[in-house]
Structure formats: C-alpha cells, structure tokens
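I opened this entry to record what I looked up, residue by residue. The notes follow the display.

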Amino acid sequence: MPYRHSIGAVMAAAFATFALSTMITNARVFDESHYPDWTGQWMRVPVAGIRGNPSWDPNKSDGLAQEAPLTPEYQAKLEASLADQAAGGAGLDRDLICMTAGMPRMMNLYSTMEIIVTIDQTYILMSTFNDTRRIFTDGRDWPADLPLSYAGYSIGKWIDVDGDGRYDMLEVETRGFRGMRTLDSTSIPLHADNQTVIKERIYRDKQNPEIIHDDMTTIDHALTRPWTVDKTYRLQKNPHWVQNICSVGNMHVQIGKDGYFLSADGLLMPVRKDQAPPDLKYFKQSQK
C-alpha cells in the first residue's frame with residue numbers, strides 16, 4: 001500500500017510538471033518594446049476654415065459641403081435631415097438624446113480619447129458618451145454568429161512597416177453593426193441594412209510623433225463607392241481627464257420620431273414651428 005501511494009504521488013507530480021511546462025511553452029508574453037507607445041490623452045486636430053460640428057471628412061465643412069458619395073436614395077435622406085435641422089428639429093441625429101455615436105462616427109472624437117494596448121486586445125476609450133472600442137489582435141477569425149452592436153466587432157493585425165522589429169501600424173476591420181448610425185451630426189446616413197464594413201490603418205506620424213493618423217475607409221450600401229478619410233489626433237501634453245455624462249442636464253427629449261425640448265419649468269416645448277404635441281391618449285385628460 002505505501003508503494004502504491006508513492007507511485008500515485010510520483011505520477012501526480014509528473015503530470016503537474018508537464019502541465020506547467022506546457023503552460024510556459026504556450027504562454028504569450030507581452031513585450032512592450034515590440035509595440036508602439038500610444039499612451040496618453042488624444043484630441044482631434046481641428047482644421048482651419050472648416051465650419052460646423054466635427055465633420056466626417058475633417059478637411060471639409062459639414063453638411064452638403066462634405067460631398068458624400070451617397071446613392072440618390074440616401075442623398076435624399078441627408079437633404080431631408082438637413083431641412084429638418086434648419087427648421088429646428090434633429091433630423092437623423094440622435095446624439096441630442098445621448099444615444100451612442102457608434103462606429104465609425106465615434107472616431108470623429110468629440111472630446112478626448114485614450115488607447116490601451118495589450119497583447120490580445122487594444123482598447124479605445126472615449127470620454128464622450130463613455131464609448132469603448134475593443135479591437136481583438138489575437139489572430140481570431142470572424143465568429144460564425146457575429147454579435148451586433150453600435151460599435152461593431154473589430155479584428156486587428158499589428159504591422160511592422162519599416163522592418164525594425166517594432167510594430168508601428170494597426171490594421172483593423174470592423175463589421176457586425178446595429179443601427180441607426182450616421183457619420184456626423186448633420187447626419188450623413190449609413191444604410192439601414194447595417195452591412196457596413198470599416199477598414200482602418202492607425203499609425204503615428206513620421207514627422208510629428210505627437211500626431212496619430214487613422215485612415216478610415218467606409219464601405220456601405222448607402223455609398224456609391226468606398227469613402228476614405230484621414231482622421232488625425234494630437235497628444236495632449238497636460239491632459240485633463242473629465243467625466244462626461246451626456247444625460248446629466250440634457251434637455252432634449254425624443255418621443256417616437258419627434259424631438260422636443262424640456263423647458264426650465266419642466267414642460268415640453270416644441271422645437272419646430274407649428275409642431276404638434278405628442279399623443280396623450282394613454283393619459284387621463286384634465287377637465288377644464
């Protein structure tokens with residue numbers, strides 16, 4: 001019996017040693033020296049002479065000046081959205097009610113951004129709407145049952161462009177969307193089928209290390225061709241991190257397809273001339 005117990009102990013020890021050896025062999029070690037240093041706080045680089053809210057193509061003013069390559073159907077949707085906004089409405093825009101911007105609009109960067117690089121995933125954290133992107137860099141393929149979200153599902157690959165043994169570019173593809181999503185606040189629409197594909201090349205500027213580029217190509221059935229823009233972000237030397245909770249103090253209210261404004265006395269106000277009030281059939285009407 002003691003002999004049998006000693007054999008068991010030896011076998012257990014051997015198995016434990018083998019398991020530990022296998023874990024060490026298969027372990028992926030994160031060597032920071034192989035990855036770019038994108039730490040810090042990043043903000044959008046404004047372009048002189050460009051009008052409006054942060055536009056999709058940062059080198060053109062928003063609205064029709066973007067010259068978005070839209071199909072006739074979706075060009076009509078954009079023009080209707082602009083007309084509604086000119087009359088006081090929100091058009092297709094939903095950031096007034098603190099709805100997440102989703103991808104790719106969140107990369108317009110309305111406030112600040114932080115990039116966190118790990119061996120298997122890269123995270124992009126936005127202070128506006130508390131949006132978060134998770135980019136998988138572990139070599140996975142697209143899941144058979146792709147989960148749908150406003151931010152989409154992102155798979156990335158690190159590239160050593162100049163062959164110096166250090167990654168300097170992150171190539172990303174994002175799919176798996178739900179909607180409605182637009183490209184900016186005016187609001188350039190994306191197709192209702194949510195079959196959008198976003199391809200990105202994220203890298204640091206060779207001449208100015210305080211600038212990061214995000215070359216973004218949008219492939220969408222609302223567009224007549226792939227649309228590529230260059231987003232640029234600047235490193236902040238004295239970062240000031242703030243908590244931005246959009247819903248706090250927000251006076252905009254969306255009821256069905258109509259937007260209203262909550263006045264200081266707590267009552268709904270119209271946002272367009274001659275706008276009808278919401279349907280109150282489920283409320284008991286007060287007697288006058």
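Entry 1. I began with Met 113, which is in contact (heavy atoms within 4.5 Å) with Gly 40, Gln 41, Trp 42, Met 107, Ile 124, Leu 125, Met 126, Tyr 233 and Trp 241, leaving aside neighbours within four places in sequence. I note that this is a predicted model, in which local features need pLDDT of at least 70, side-chain atom pairs count only at pLDDT 80 or more, and totals for chains, interfaces and linings use all residues. Residues are numbered from 1 along each chain as its sequence is written, and side-chain values use heavy atoms, with hydrogens and water left out.

Entry 2. I then looked up the largest nonpolar core (buried Ala, Val, Leu, Ile, Met, Phe, Trp, Tyr and Cys residues joined through side-chain atoms within 4.5 Å), which has 37 residues. Met 113 is listed among those with the most contacts inside this core, together with Trp 38, Leu 70, Met 107, Ile 115 and Trp 227. Elements that each supply at least two residues of the core include helix H2 (72-86) and strand E2 (112-117); helices (H or I, at least four residues) and strands (E, at least two) are DSSP runs, numbered from the N terminus.

Entry 3. Is Asp 220 buried or exposed? I found Asp 220 buried, because its relative accessible area is 6%, and buried means under 20%, exposed over 50%, and partly exposed in between (1.4 Å probe, protein chains only). Asp 220 is placed in the loop between E8 and E9. Its side chain reaches the backbone nitrogen of Ala 222 at 2.8 Å. Not counting residues up to four places away in sequence, Asp 220 touches Leu 190, His 191 and Thr 196.

Definitions and conventions. Polar contact = N/O pair within 3.5 Å; in protein donor to acceptor, adjacent residues only side chain to side chain.
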